Amino acid sequence: MCGIVGYIGGKDAYPILIKGLRRLEYRGYDSAGIALVDDGIHIQKVKGKVNDLENRFVSHSKKGTIGMGHTRWATHGEPNENNAHPHVSFRGHFTLVHNGIIENYSSIKKHLLSRDVKFSGETDSEVLVNLIEHLYLEVDVSAEQAVQMACHKVEGAYGIVVACKAEPDKLIAARKGSPLVIGVGEGEYFLASDATPLIEYTSNVIYLNDDDLAIIKKDELILKSLRNPIQKPEIQELDLSIGEIDKEGYAHFMLKEIFEQPRSIQDTFRGRVLSDYKGIQLGGLLEVLPKLYQAKRIIITACGTSWHAGLVGEYYFEEFSRIPVEVEYSSEFRYRNPIIGPEDIVIAISQSGETADTLAAIKLAKEKGATVLGICNVVGSSIPRETDAGVYTHAGPEIGVASTKAFTAQVTVLFMMAISVGRHNGSLSQEKFENLIQELVTIPSKMEETLTNEKEIIKLAEIIKDSPNALYLGRGVFFPVALEGALKLKEISYIHAEGYPAAEMKHGPIALVDENMPVIVVATKDQTTDKVISNIQEIKARKGKVIAIVTEGDEEIIKIADYTIAVKESSHEFAVLLSVVPLQLLAYHVAVMRGCDVDQPRNLAKSVTVE
Ligand code: G6P
């Protein structure tokens, strides 16, 4: 995680760096810092957020047309000023910002300590900047060569920007495993962990690949691979607008992103659902379609909210294409010896496209010969580049740390994939296939109506805001919705919440139910609604407070539940998309009432690029 920015050109670097850090704060926000190159290298860092950094800077010089900045999510060493970036090497020759983890830092540190290098903090990044300096002085090479040599010596992941005091006209950037994008301007270059800080300055970008090394002067960019000579940079055009990364009047990004969902899922299926509603075309999968249509087994791998989308995907693939599916946490999958081979399809789901565990799971699956597909949101990120083929979710930038619109977009992609495969392998009739497509296009307007329930949801938030615990229940395809509702609540409001299959409740969680326990039941209609009604009765019998998400007009549940939120009638496959929205809003309002930092919840980060 961590966000890094850099600038070199003719303008004042400070405002560009500060603004860039704000855009990247979703990646980590426990400490921040900036280095400006002027008549020397001037550094300011703070424990805290970019705002704190800005306040600190007021009384200091903001001069310099070259600089770098960092917003941190601690891995090695607690969040404090010493451990904040930029780091300066012991003898003062180099300054560095780093995103990633240097896994062999401890042996390198030992070696450097034996050479009288002193460290002021505990980070692996400080070890890296000192290794660069050590090589620079000991082997007597240029700054660029020292960075190159250091990169060969370290194991792990890095995206770095480095400045050298003796060569103040350049920045050196390198990448392995952690993302880095260069924005190309007129007589200026920008650097950032993702493209969002760049869009107000340029739409021409270069995504660095693993093992790339860039030597950047204000009017010259030399791109090399760590092993090979100079390469021609591939400049790509950004397809992002400023509006997409602003709050646009909403109090928080999360709220904006919740309300964007009718449009974002439309963007997900737009151009893919054929205009006569008789077919679906997923361009990114064209090359692998024959393999996908013949798949005997699918393994879905992901983390967090994306894993919940994967569980919905399991249901869709089994229901519509009759292919057995396994859903794996990437972090577990990568450390087992999973039985997969060339016949298997592995689908990796990731909003950011950068999650380290998911990337590692992909590498493992590829080594074992599987065909690996990606479902990602961030265009040009690492996962789409590592996979054999894939589908972008096109949900637009998601900035709130708690994922919302990415989930509904992922579910929409999985749905389109599952019904396409089902149609082609004969599990789904053309008639049913077309009916499902026709219903899919009605979902955005039904979701729009669900969003009009916000006032009622605020009242429910009042009811649960002081509870220490909450239980979320759902059956079948609504079980992952319950998991997702519970995750939203716990990550942004810090209320302990658990998602459980409704019928499993009696094997444990029912012991927790009393008059103080809010139980949120995803009870939208499907073939198990009667059973869910029995589960609600079981909770009521123990005086639990039942908040049910129901299908509009479902009088039976409305009568027995203490509180209900209705969503529009739909087939149960689509009720996933509708019923998750009130749960997102509920978590949001509870968090606001509890005074929590909704967009930047404690200890979390949006893009987890460490294991
Ligand atoms: C972090 C985020 C979650 C996200 C998970 C997986 O924990 O806070 O919102 O679901 O990572 O991220 P990915 O980008 O792979 O979907």
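In which helix is the place of Ile 383? In this predicted model, Ile 383 belongs to helix H12, which comprises residues 382-386. The relative accessible area of Ile 383 is 0%, so this residue counts as buried. Leaving aside residues up to four places away in sequence, Ile 383 touches Ser 350, Gly 353, Glu 354, Thr 355, Thr 358, Leu 359, Ile 362 and Cys 376. One of these contacts, Gly 353, is 30 residues from Ile 383 in sequence, yet the two C-alpha atoms are 4.7 Å apart in space.

The overall architecture may be described next. The chain contains 20 helices and 25 strands. Its radius of gyration is 25 Å, close to the 25 Å given by the globule rule for 611 residues, and the chain is therefore as compact as a globular protein of that length. The C-alpha trace spans about 80 × 55 × 45 Å along its principal axes. Of the 611 residues, 61% count as buried. Among contacts in the chain with a separation of 6 or more, 71% involve residues 24 or more positions apart.

The surface and the charges were also examined. The chain exposes about 23100 Å², of which carbon and sulfur atoms supply 48%. The chain carries 65 positive and 83 negative charges, and the mean positions of these two sets are 2 Å apart.

A total of 28 salt bridges was counted. In one of them, Glu 144 pairs with Lys 224, with the closest N and O atoms 2.6 Å apart. Glu 144 is part of helix H5 (residues 143-153) and Lys 224 is part of strand E13 (residues 220-225), so this pair ties together parts that are 80 residues apart in sequence. With a relative accessible area of 18%, Glu 144 is buried, because the cut-off for a buried residue is under 20%.

A further salt bridge joins the side chains of Asp 210 and Arg 175, at an N to O distance of 2.8 Å. Asp 210 occupies the loop between strand E11 (204-207) and strand E12 (212-217), whereas Arg 175 lies in strand E8 (residues 167-176); the pair therefore ties together parts that are 35 residues apart in sequence. The two partners differ in exposure: Asp 210 is partly exposed, at a relative accessible area of 29%, while Arg 175 is buried, at 4%.

Glu 326 and Arg 297 likewise form a salt bridge, in which the closest N and O atoms are 2.9 Å apart. This pair links distant parts of the chain, with Glu 326 in strand E17 (residues 325-329) and Arg 297, 29 residues apart from it, in the loop between helix H8 (289-293) and strand E16 (298-302). Glu 326 is partly exposed, with a relative accessible area of 33%, whereas Arg 297 is buried, with a value of 19%. In addition, Lys 19, Arg 23 and Glu 200 are joined into one network by salt bridges that share partners.

Helix H5, the location of Glu 144, also illustrates how residues are covered within the chain. Its buried residues are Ala 143, Glu 144, Ala 146, Val 147, Gln 148, Ala 150 and Cys 151. An α-helix has 3.6 residues a turn, so residues three or four places apart point the same way. The cover over the buried residues of H5 includes strand E6 (94-102), H4, strand E7 (156-164), E8, E12 and E13. Among these elements, E13 holds Lys 224, the salt-bridge partner of Glu 144.

Particular backbone features were identified at several positions. Most residues other than glycine have a negative phi, and most peptide bonds are trans. The peptide bond from His 85 to Pro 86, however, is cis, with omega near -5 degrees. Pro 86 is situated in the loop between strand E4 (66-72) and strand E5 (87-88).

Positive phi values occur at Asp 140 and His 394. For Asp 140, phi is near 60 degrees. This residue is in helix H4 (residues 124-140) and is exposed, with a relative accessible area of 65%. For His 394, phi is near 55 degrees, again a positive value in a residue other than glycine. His 394 lies in the loop between strand E20 (389-392) and helix H13 (405-424), and its relative accessibility of 37% makes it partly exposed.

Conventions
Residues are numbered from 1 along each chain as its sequence is written. This is a predicted model: local features need pLDDT of at least 70, side-chain atom pairs count only at pLDDT 80 or more; totals for chains, interfaces and linings use all residues. Side-chain values use heavy atoms; hydrogens and water are left out. Helices (H or I, at least four residues) and strands (E, at least two) are DSSP runs, numbered from the N terminus. The radius of gyration is taken over C-alpha atoms; the globule rule is 2.2 Å times the number of residues to the power 0.38. Buried means under 20% relative accessible area, exposed over 50%, partly exposed in between (1.4 Å probe, protein chains only). Contact means heavy atoms within 4.5 Å. Accessible areas come from the Shrake-Rupley method with a 1.4 Å probe; for residues, only the protein chains shown count as cover. Lys and Arg count as positive and Asp and Glu as negative; His and the chain ends are not counted. The place of a charge is taken as NZ of Lys, CZ of Arg, CG of Asp or CD of Glu. A salt bridge is a side-chain nitrogen of Lys or Arg within 4 Å of a carboxyl oxygen of Asp or Glu.
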